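Reader: Hey, got a minute to go through this model with me? I'd like to talk about helix packing, salt bridges and a few loop residues.

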Amino acid sequence: MNKIKTLFLLMLAMLLIACGSTLDRAATALDEGNYAEAVTEYTTALGEELSPADQFVALTGRARANTELGNTAEALTDYGSALTLANDDGTPAGDRQAVYRSRIAILQAEGNIADAATEMRQLLSLTPNDVALYIELGEIYAELEDWENMVSAMTAALDVSPGNASALTLRGTAYLKLRDFEAAIADLKASLEGDVALAQSDIDNRSNLVSAYYELGRTMYSLNQLDDSITYFGEALSYADSSDDKADVYAERGFVYNELGEYDAALADYKAALAEDPNMAIVYSYRSYVNADLGDFDAALADANKAIELGSDLPVNTLSAILHARASILLDTGKYEDAIASATESIEIIGADNPDTARTYSLRSRIYRFMDEYENALADASQAIAVGSADITALDGFYHNRAAANYGLGNYTDALADQEASIRVATEAGDPPSAFDYEYLGDIYDAMGETENAVAAYQQAISIAPADPWLRNYLGDIYYYAENYDLAIEEYRAAIALDNSETLFHDNLAYTLRAEERYAEAIEAYSALIALDPANGFAYYGRGVSHYWLNMDAEAIADLQVAQTLELPEDFQNSVTEFLASMGVE
């Protein structure tokens, strides 16, 4: 009896050893890359009596081997089975988090993003305080363009980690897509507050004051608080000792002065920066913007080229900024192909999806518009919005550029939505919209045939820039084409009151008065036009015709005979001949 018992135990031990050897052989095959053999061995092992933990090892091992073989359906099935396994005490039989990670990787690789999001939520149920997982989930929702769930996920992340900059940026981006611009800008601004707090902490501790004030200056610029930015850069200069520190601060403060339109102050800072470091390439780049704004394009291009010459060994982000500046100058000088090449190089050296490319995409969009390549302009403007959603000081411009591209393509509904977005983003960012913003909005409404809205937009523009005569003239055009001639005449007169020297305003007024058969007033308007432009054949023609309809033949003949001697299209010359013939003049 003891012999039989001993033999039974020996056979059982051999069976267990054989089974263990199968798992070992499977693991070895997997480690050595023999994936088909690993699948076979793990399948054999699963046919034996295994503990839950060993079943977990066999299922996940076979899943890994099948994944390498491209058998992802089988791998997902095995991973799913592994998730159901539990030990006798109810605890998981293995690392479920690792299994969810593997399933997510497979689903993402296959483009099954929605299911990947589901798996990520399951993983989060195991680790509900893992902020990094929430961020990953938010990025998955962004890929799905599921903005509502992206907001929810980032809100949950912020519940765990209030003030998390990545979560705030992602939620702000989602709010932008949902066109909740107030919430978007609030989040995007808040995402920068961590930088403010960090720099302020250094100041409070009297630690590296130059760097702390410098970073505060840069961050305040990002928050569109330009006056505060200037103040903090000034504080940084008060503590700066080295030439490098001084040059850096002068350069950045000069850039902010340029943004404020304080060109003398900007040029003074750039001069100071170059006194500290004559070979500081970025300063030449910044100065090129000032020269361009001042209309000195030769100097601007010379500075941009000098920056390229000096900046070849600079970090790629700095070189990218320099190439951007040169592209801007080339646009100003009408060298569109060269501008496209410089902008494209700026983008490519730091990567097409880098957030720092957003302003260059926007610039290239403008260049394409000048070339009448509106499809390319639209694509670049859309990319600027996609990668630059956190750039709250420029985001309104990105939306405007897309509005302009859509306008050029005749997509007026889309153009309207983007221009409205531009105005709302600017408002929420603390940068009040300009008269031009509303003028452009009015142009879009006008193109859509919505005269009432077009008029309202122009009136808003006029309230911002009441001294701009062109706004009154363009509003007059809107009224004219809506056949509201009395109001058109009123606006043309308002334009002339603001600028009596512009011939177009007088021409528009005179033409409209004549069309309304208000000939005496038309004669007065044409006379003012002739005083400004004595060689204007249309003015003599219009005044002559007005005299004709008032039966003032002598005056009509005199004007029409002058018109005959001036440059006029053939149909107008024929009309002059007919009017003169009707008055007996050959």
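Author: Sure, we'll take the helix pairs, then the salt bridges, then the loops. Keep in mind that this is a predicted model.

Reader: Okay, helices. At what angle do α15 and α16 pack?

Author: Helix α15 (residues 281-293) and helix α16 (residues 297-310) pack at an angle of about 165°. Their axes are 8 Å apart.

Reader: And what does that make them, roughly parallel or roughly antiparallel?

Author: Roughly antiparallel, because angles over 145 degrees are put in that class. That is how α15 sits relative to α16.

Reader: Which residues of α15 and α16 make the contact?

Author: From α15 you have Ala281, Tyr284, Ser285, Arg287, Ser288, Asn291 and Ala292. On the α16 side the contact uses Phe297, Ala299, Ala300, Asp303, Ala304, Lys306, Ala307 and Leu310.

Reader: How do the residues of that α15 and α16 contact divide into nonpolar, polar and charged?

Author: Nine are nonpolar, three are polar and three are charged. As for the handedness, the crossing of α15 and α16 is left-handed.

Reader: Next pair, then. How do α17 and α19 cross?

Author: The axes of helix α17 (residues 316-332) and helix α19 (residues 358-370) cross at roughly 20° and come within 10 Å. These two helices are therefore roughly parallel to each other. The α17 and α19 crossing is left-handed.

Reader: Which residues make the contact there?

Author: Helix α17 brings His324, Ala327, Ser328 and Leu331. Helix α19 brings Arg359, Thr360, Leu363, Arg366, Ile367 and Phe370. The residues of this α17 and α19 contact come out as five nonpolar, three polar and two charged.

Reader: Switching topic. How many salt bridges does the structure hold?

Author: There are 16 salt bridges. One of them pairs Arg25 with Glu41, with the closest N and O atoms 3.5 Å apart. That pair links distant parts of the chain, 16 residues apart: Arg25 is in helix α1 (residues 2-31) and Glu41 is in helix α2 (residues 35-46).

Reader: Glu41, is that one buried or exposed?

Author: Glu41 is buried, at a relative accessible area of 15%. Its partner Arg25 is partly exposed, at 41%.

Reader: What about Arg402 and Asp418, how far apart are N and O in that salt bridge?

Author: The N to O distance there is 2.9 Å. Arg402 lies in helix α21 (residues 395-408) and Asp418 lies in helix α22 (residues 412-428), so this pair ties together parts that are 16 residues apart in sequence. Arg402 and Asp418 are both buried.

Reader: Which residues do salt bridges with shared partners join into one network?

Author: That would be Asp486, Arg493, Arg518 and Glu521.

Reader: And Glu215 with Arg218, what's the N to O distance?

Author: Their side chains meet in a salt bridge at 4.0 Å. Glu215 and Arg218 are three residues apart in helix α11 (residues 209-222), which means about one helical turn separates them. Glu215 counts as partly exposed at 34% relative accessibility, and Arg218 is also partly exposed at 37%.

Reader: Loops now. Where does Ile349 lie?

Author: Ile349 is in the loop between α18 (336-348) and α19. At 28% relative accessibility, Ile349 counts as partly exposed.

Reader: Leaving aside its neighbours within four places in sequence, what is Ile349 in contact with?

Author: Its contacts are Val316, Leu319, Ser320 and Leu323. Take Leu319 from that list: Ile349 and Leu319 are 30 residues apart in sequence, and their C-alpha atoms are 8.3 Å apart in space.

Reader: Last bit, backbone. What phi does Glu145 have?

Author: Glu145 has a positive phi of about 55°, although this residue is not a glycine. Glu145 lies in the loop between α7 (131-144) and α8 (147-160), and counts as exposed at 58% relative accessibility.

Reader: Then Glu483, where is that found?

Author: Glu483 is in the loop between α25 (469-481) and α26 (485-498). Glu483 is not a glycine either, yet has a positive phi of about 65°. At 59% relative accessibility, Glu483 counts as exposed.

Methods
Residues numbered from 1 in each chain as written. Predicted model: local features only at pLDDT ≥ 70, side-chain atom pairs only at ≥ 80, totals over all residues. Heavy atoms only, no water. Axes fitted to C-alpha atoms, helices over the stretch in contact; angles between N-to-C directions. Helix = DSSP H or I, 4+ residues; strand = E, 2+ residues; numbered from the N terminus. Parallel < 35°, antiparallel > 145°, perpendicular 65-115°, else oblique. Left-handed = near helix turned anticlockwise from the far one by under 90°. Contact = heavy atoms within 4.5 Å. Nonpolar A, V, L, I, M, F, W, Y, C, P; charged D, E, K, R; others polar. Buried < 20%, exposed > 50% of the residue type's maximum accessible area, 1.4 Å probe, protein only.
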